[in-house]
Every structure is written in C-alpha cells, then in structure tokens.
Amino acid sequence: MESNSETVFDLQNVSYSYENVAALHHVCLQIRRGERVALLGANGSGKSTLIRLMAALSFPTQGKISFFGTEITPSQLENPDFFYSFRRRVSIVFQNPEIQLFNPSVFDEVAFAPLQLGWPKSQIRDRVLEILSAMGIESLRDRPPHRLSGGEQKRVALASVLVLDPEVLLLDEPTAGLDPSSAAQMVALLSSWKGSSKTVIIATHDLDVLEEIADRCCVLDSGHFVADEKPLSLLHNIDLMRRTSLLRPHPHWHDKDYFVPHPHIHEREM
Amino acid sequence: MVLLSITGWVLARFVMHIPDGYLSPSTCAALYAAATPFWYAALKRTRRILNTRTVPLVGLFASFCFVIMLFNLPLPGGTTGHAVGVGIASIVLGPWVSILAISIALLIQALFFGDGGITTFGANCFNMAIAGSLVGYAVYRLFARRAEITSARRVLAAAIAGYSAINFAAFLAAVEFGMQPLLFHTSDGTPLYAPYPLNISIPAMMIGHLTFAGLAELAITAGVVRYLQRADPDLLRLTAPDAPDREETRARDSARPRPALRSLWTLLALALILTPLGILAVGSAWGEWSANDFSDAAVRNQIATASGNHVPPAHAPDGLKHLSLLWRPPVPDYAPAFIKNPYFGYFVSASIGVGVIILFTLLATRLFSAFLNSRVKTSIRPSRRRSHRYIERTAESLLRVLQKTLFAEETTRSPGLLQSCDARVKLAGIGALILSVVFVHRILILAAIFGIAILLAAFSRISLLLLARRIWIPVLAFTGVIAVPALFLVPGKILYQIPLVRWPVTLPGFESACFLMGRAETASSLGLLLVLTTPWNRLLRALRFFGVSPRVVMILEMTYRYIFLLLNTALEMMESRRARLVGDLEPSAERGLVAAMIGVLLDKTLQLSNDVHLAMQARGFRGNIRLLEDLRMRKIDWLQLSAMLTIAWTATWWGR
C-alpha cells in the first residue's frame, strides 16, 4: 500500500507470537501524524506487545510495520543512520519504571538518550536542566532513581524520553499504579499535547480519562483488533466494552442504605 | 588446639574475603597483576558473545550474585552457611561472564560494605571469581559430559563443581596467607601480615571449607541446577552444548523420579574421612611441630623445603618449647603403640584433630546463633521454630544491607569536611592512606594513621560510636580471634606468661597480632569514611579517573542500582515464605526451598536484564559506552588531593 508522508505507522496484517503463544493476530492499523491514540484492552490483550513492535524492540512474526513508508526490519535497524533517526523520533515509556530507569542518578537518566545519540555535551547539560525544570523535578537531579516514589519515577521516565522532543511517543500504562494526585498530573501533561504535532500512542485501561488523553481509541481483545472509534462513541458501546472486559457489571453501593448487585453502567463511567 | 580450631572456624566463616592488612603490598600487587589478564580476556570474550547485552546482563547478574551471597543455607548440625554463588554463575552463564559478575559483586562488597579489603581485592577476585569460576566450570563440564539437561548426573556434576570451586579458592587463600610470615617479617622475625605459616593456614582454612563452608556452595549449586531442570531447563543449555536435544529429553524424562541429594550428613562424613588425608598431603601437621623437630636434621630439612628454603633456627624457639608444654597430644607422636604403621597412626591422629575442630564448630555455631538470635528477637519477629531461622537470618542480612545503604545516603548529604571533597580526591586520598596502612612497618605510625582516620571522622561529623559499632568491634571480634593464637604460636622472646595455664605470650607474637589488628581496623575505618561521605554514584563515576573503562563503570553502576530491586524481591519472597511455612521441614527440603528461591530470583534477574536491554536500545544504545563526565578539577580539589597524598606518603616513608 502506498504510504503518504502523514502516516507515521502503517501496520499490515501484523501477527506476533512468543515462542508458541500467539499474542497478536493479523492487526491492521494506520496512525497519522498528530493523532492521539489510546490502545485499549484487558490485561494480556496484546497492548504492550503492539507498543513494543511499534518501538522496534521486537519484530512481527508475520506482516509488516512501516514507519513513514520505510519498513522496520532488524536489518534496517542495523543501519546506524536509520537506527539513530528512528530512536530520535520515536520514544517509548515502559510500564515498569524500574526497567526504564537504569542509570545511577536522575540527571544521568535524562542525559542517557542524548548521549547515545551523540549530542554535544554542553548542549546535553543545558537541555537536561531545561527538561528537569519543565517537569518540575530539578530538585531530584542527583537522586538515584530507585529511591524515588512511584509518581516521581514515572515523571523521570517521561522526562528521560521527552528530552529528545520526539515526534512519536509510545506510552505503556502511564497512569497505572499512581496515586490520584500523581495520576492527575500525568493526565494534565498528556492532555496538554492535544492539537500539537506530537503523535501519542497510549496503552491504557483507564476509561475515566480517555476523552482527555485520546482522540481515537483502538480496542484489542486477545490479540485481535476489534474496534477503532472516537472515545465518546466507544464509551457508549457498552456491549463492546463488556465483551472485551473493559467493563464489568459488579455489585456496588448507590446510597448508604441500599445495596443491590445490578449490572448497569454509570454516567461517570460513560 | 582449641585456639587453632577457633581460628579455623573464623577463617572458614568470614575470611573467604581477605581483609586489608592480611597480605603484603607485593602479594596484593602480584595478585592484581595475575587477575588483570583474566579480567581483560573475560571482558573481551563477554563482549563478543553478548554484544550490546553485555552491560545489562553482566550488571544484573552481578547484582544477583551479590544478593545470593547474603542467603543463608541450613547445614547439618544446626549450622548455616553462605555460598559465594560462583558455581551457579559459571554453570548458567559460563566462566567468562561469571568471572566478571563475581568480580563486580566482590568490588561492590569491598567498596561499600567492607567485606574484603581494597588492597586485597585482586587476591579475592583471583581466588573466588577467577579460579573459582574456571575450576567450577571445568569440573562441571568434566563430570556432566554429554548427559541430558535434566539428568541427575548434571546435579551431581554441579554439586562437585560448586564444592571443588570453593575449596580451590579457599586453598589459594590459605596459600596466600601462609606465604606471608615466610616472606614478610621484620629483622627479628615478627610477621608483618598474616602470622601463620602454610602448615597452620592450610589446615585451618581447609578444614572449615572441606566440611562446612564447602557444603553450602555444594548444596546451593546442586539445588539451583535441580530447580532449573524442572522450571527452566533452557537456562542450563548454554554450558551444555553437547547435551541431547530438548525433544528427545522430554520424551524420555516424562515421569522418572530424580534421586535427590538427600542428606548432607553423608557428604559431611565423607569430608570427615577425606580431610585428614588432605592434611596428610600437605606434609607436616598444622602447628603441631614438636620442639624436638627443630633439632632433628631430617625434619629441619622438611620444614626448610616446605618453607621455601627458609632455614629454620637450629634450636627450637623458646616460645615453641613452652608451647609444647601447653598441650599434650592425646596420642603422642601420632603413632599409638598398637598401630605400627606410621601413616595409619598419623591418619588416626589427624582424624581426631579434625573431629575436635568440627565439634568445636558445631558448638561455636550454636553459641553464636544463640547470641545472634537474642539480638534478632528485638528487631524481627522471634521464631519459635529453630528450623526456620535461616529464613530470618537471610531476611536480616538483606535488611541490614538496605539499612546500611540508606544510612550512608543520609550521611553523604550532611555537611562535613570529607563530604565537601570531590569524589575523585577522596578516592585517591583515602586509597593512598589505605595503601600506607598496608605498607608501614612500625606500629606507632600505624597508630598515627588511625588517629588521622578518627580526626577525619570527627571533621566529617561521623560519630565515633558509629565507627565503633560498624567497624571497631566487629573487626576486633573477628580479626582478634584470628590474631590471638599468634600471641602464643609465633616463636620468639617470651613477653609474659599467662598465670595458671602458663601459656607463653611472645614478643613477636604480640607485635604481629598488633599489626594484623591495627591494619585491619585502620583500613576498614578509612573505607567506611569513604562510603559514608561519598554518594555511591559519584564514587563509582570517580573510578573513571583511575583508568577503569567506562563499560566497567557503567556495569558497576547498573549492578549497584539493581541490587536494591533484587534485595526487595528477595525480601518479599522471604516474607511470603515466612507467612506460609507452618510445620517443620526436613533439612533437605529446606535447602530445596532456598535453592528454589534463588532459582526464581535468577529467572527474574535474566528477565529483567532482557527488559533493561530493550529499554537501553529504545533510547539509542548500540553498545557504545558514553558517559557524561566532568573532568575538571578545581584548585581546591588539587589542594586537598595533594594534602592527602602528602600525609599518606609521609606516613609510608616514616613507617618504613
């Protein structure tokens, strides 16, 4: 298929399996520049796998992925020019900050990517300080990342990729495991990119903030691509959400003295 | 005899990591020099095999090795032991990665936790990391041959590999100790470093390792291999290229029960029989030269050759004469009248000796653990079941590491003299002071350096109480136990006779004990000051200044950083074990449990290293190491550096 210059990722018939276990089945998806896409799905539905494929950290067992018209293959990534330009333009934030933060201090952490890409050292220093203050974490600069709180770790992880000012951001569960206030800060940051030229792809199952962080929702179910809708219309598609385990009827309280197990959807959830 | 057995016990339990001051500077330099080509080759080979994965894999694997060195394993007789993990490391990832990972774990221990000295780091690496890995790997390959991955033969091979690796390392350490008094002494014969000659150091070290310490390594190596055979056999494939394919193996392996290493008691009995034979091979029995030996020409010759042609004095040293009064062997001259064969007679005597030492070890462990438990009870929930104590002990040592590092991080942030120094200056300056501690030949100068350490601590607002608790008392206890027999055993002028028992304290004995204690105390105090005043990341980065390759620095940083993750994972496993253990378990089942925990930790470590590798690649890592370094030194830095170096140089020169 002819890719136009505005298609960031073009996934054609992509399948992926770990050893013998299939994780993705024939996924087709195009992501255009400036889109904010939420990848939705229950645990183990293949969101993280898809994100890793798009970050060129693993490669499809079948089908192909193109980045601005160039197919991503292991041999293509061997080419230093492509490797560095791809890593410069596409950044990934992992779900578990423990694996993302492998450096001895926050400053080193944020400086890692620019150093690898061969920026001049004085420029790196300035840029790192700039991004630290933009993220409000200057005070942490000499701290070892593993001593930080969960919320701080997520912010450092994000700072460590934003330092490159990438065109494409892949975020795996950015709000998972955060306390309400840290989560709110994260959502504010994610929603601040609305209307910018950044392409943002977020794997999540946090439906509460879907409208703020995404313009488009792709739903995965056991490795199958099942829906591609606007956030609002997805949230009204209760049947689909139930089928994909994003929503589950559960007994709950409505008032202090009235408890009925009933399968219904609430306004807030919609 | 009793004193020697105490020494042997302490040596076996604590002195696999040789502290500063036990070995002479030239021995240290020689062993550094011997280790360097191995490190170089290991780094090169590892890079060739692992490519861009070198840093995350070696780094995380070193964290893993560090953490399992803290694991406590139940052994026969209610004792527990630690393993070095060199057996597992070389079996899972091959000897080269193992050399690097164990060396790095040892460096972190020496730098940050005072386990093993800085000057003796080369020696420790040579013994445990290099010789241990190579021997372990060779023995494993030799015995496993082409056996199937899941065969019992591989478990047995792993057991022998772990056991021989650790004993070989202990033997090397004993030889290094034993060479010291022959080569390095003052003009009047006072040993300057480790005071015991080969005929004492080898038996003392080997009895402890052949019987107890070696069993810990044996049980852990075999246990983890057995766990991996069931849980993740592919991990064993790297060092078993000739093993039959997975499919064939699976088909045949379906329901066959595997013979377990049921009882360590059997092995202990075997060791009991073999140990005296080993001692026999060394030649003369340890420390049991009788006063007559010195006037007997044939025996003198034997001692002379055993001592590297260092001719013993023609007359028995006074001290030794008194020593021979000190203890009447129950079986005089090793040949009971009813046995005419001298070798058999000797063997019997040696067996009795070993038996006494083992009895003592069991007793000492009981006492020691009773003491430890009385302390543990206040901090951690008391256990009514004796058999679960190893879990609590492991948990406690894991916690202690966490507490120590947290504490160090706090003191590095508080204001003080050393805290304001540049990390490179401190590393060079304190390093030079530690070197001078090892170099000086005069006790007074040693005391002066100790005084400088106290002053530095005072100006850096580090309480002396803390130094006493963390360094002085523990070192006094352990080095003290090793030094005390030297008071009586080193021949020379008699200084004082202990009333009642009439044990003679000799002057050279007293001086050599002072040297050993003084060096160990001062060097570890200085080392602790370095750690308490320097953030760890600065300290590791400062190694660049001394020519350590950036790749190694990056591996070290990653190791230190991930130790905490693995420590916490291990602690969680301990907690969940504690919550689930209800009844008493058979000791062999307990060992299986510990091995399974280590196996799970190993799996997690390797998974983590894969993930970290991906995370590094995602941010543009292609194997080229780039560190952001600030190489400028300010004027004040140079000033402080030259001040520290001058002090160290003056001390060394004065103390010649």
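Start by selecting Val37(A): leaving aside neighbours within four places in sequence, this residue is in contact with Ile31(A), Ile201(A), Ala214(A), Arg216(A) and Cys218(A). Here, contact means that two C-beta atoms, placed from the backbone, lie within 7 Å.

Before moving on, a word on what you have open. This is a predicted model, in which local features need pLDDT of at least 70 and side-chain atom pairs count only at pLDDT 80 or more, while totals for chains, interfaces and linings use all residues. Residues are numbered from 1 along each chain as its sequence is written, and chains are lettered from A and ligands numbered from 1 in the order in which they are written.

**Stop 1: around Val37(A)**

Val37(A) sits in strand E3 (residues 36-40) of chain A. Strands (E, at least two residues) and helices (H or I, at least four) are DSSP runs, numbered from the N terminus. Is Val37(A) buried or exposed? Val37(A) counts as buried because 23 other C-beta atoms lie within 10 Å. The cut-offs are 20 or more other C-beta atoms within 10 Å for buried, 12 or fewer for exposed, and partly exposed in between, with C-beta atoms placed from the backbone. Now add Thr199(A) to the selection: Val37(A) and Thr199(A) are 162 residues apart in sequence, yet their C-alpha atoms are 8.0 Å apart in space.

**Stop 2: strands E1, E4 and E5 of chain A**

Select strand E1 (residues 7-18) and strand E4 (residues 62-67) of chain A, which pair in the antiparallel sense over five bridges. Pairing needs at least two bridges found by DSSP between the strands. To find your place, look for Ser15(A), which stands opposite Gln62(A) in E4(A).

Then bring in strand E5 (residues 70-71) of chain A, an antiparallel partner of E4(A) over two bridges. Which residue is the bridge partner of Phe67(A)? Pick Thr70(A) in E5(A). E4(A) and E5(A) form a hairpin with two residues between them, and Phe68(A) in the turn has a positive phi of about 45°.

**Stop 3: strands E6 and E7 of chain A**

Next, select strand E6 (residues 90-93) of chain A and look at both faces. Val90(A) and Ile92(A) are on one side, Ser91(A) and Val93(A) on the other, and all are buried, so both faces are covered. Add strand E7 (residues 168-172) of chain A: E6(A) and E7(A) pair in the parallel sense over four bridges. Ile92(A) stands opposite Leu170(A) in E7(A).

**Stop 4: two helices of chain A**

Show helix H5 (residues 106-116) and helix H7 (residues 150-162) of chain A, whose axes come within 7 Å and cross at roughly 35°. The axes are lines fitted to C-alpha atoms, for helices over the stretch in contact, and angles run from 0 to 180 degrees between N-to-C directions. H5(A) passes H7(A) in a right-handed crossing, that is, with the near helix turned clockwise from the far one by less than a right angle (anticlockwise would be left-handed). For side chains, display Val106(A), Glu109(A), Val110(A), Phe112(A) and Ala113(A) of H5(A), plus Val156(A), Ala159(A), Ser160(A) and Val161(A) of H7(A), which make the contact. By class, this contact has seven nonpolar, one polar and one charged residues. Ala, Val, Leu, Ile, Met, Phe, Trp, Tyr, Cys and Pro count as nonpolar, Asp, Glu, Lys and Arg as charged, and the others, Gly among them, as polar.

**Stop 5: over to chain B**

Chain B has 21 helices and four strands. Buried residues make up 51% of its 656 residues.

Select Ala243(B), in the loop between helix H7 (198-231) and helix H8 (246-253) of chain B. Ala243(B) is buried, with 21 other C-beta atoms within 10 Å. Not counting residues up to four places away in sequence, Ala243(B) touches Arg146(B), Ala147(B), Glu148(B), Ile149(B) and Arg237(B).

Then go to helix H4 (residues 86-113) of chain B and H19(B), whose axes come within 10 Å and cross at roughly 70°. The two helices are therefore roughly perpendicular (65 to 115 degrees). Ile104(B), Leu107(B) and Ile108(B) in H4(B) meet Ile555(B), Leu556(B), Thr559(B) and Tyr560(B) in H19(B).

**Last stop: where the chains meet**

Show both chains: 21 residues of chain B are in contact with 24 residues of chain A. On chain B, the elements giving two or more residues to this side are helix H18 (536-542), helix H19 (550-580) and helix H20 (587-618). Which gives the largest share? Select H20(B), with eight residues.

Key. Angles under 35 degrees count as roughly parallel, over 145 as roughly antiparallel, 65 to 115 as roughly perpendicular and the rest as oblique.
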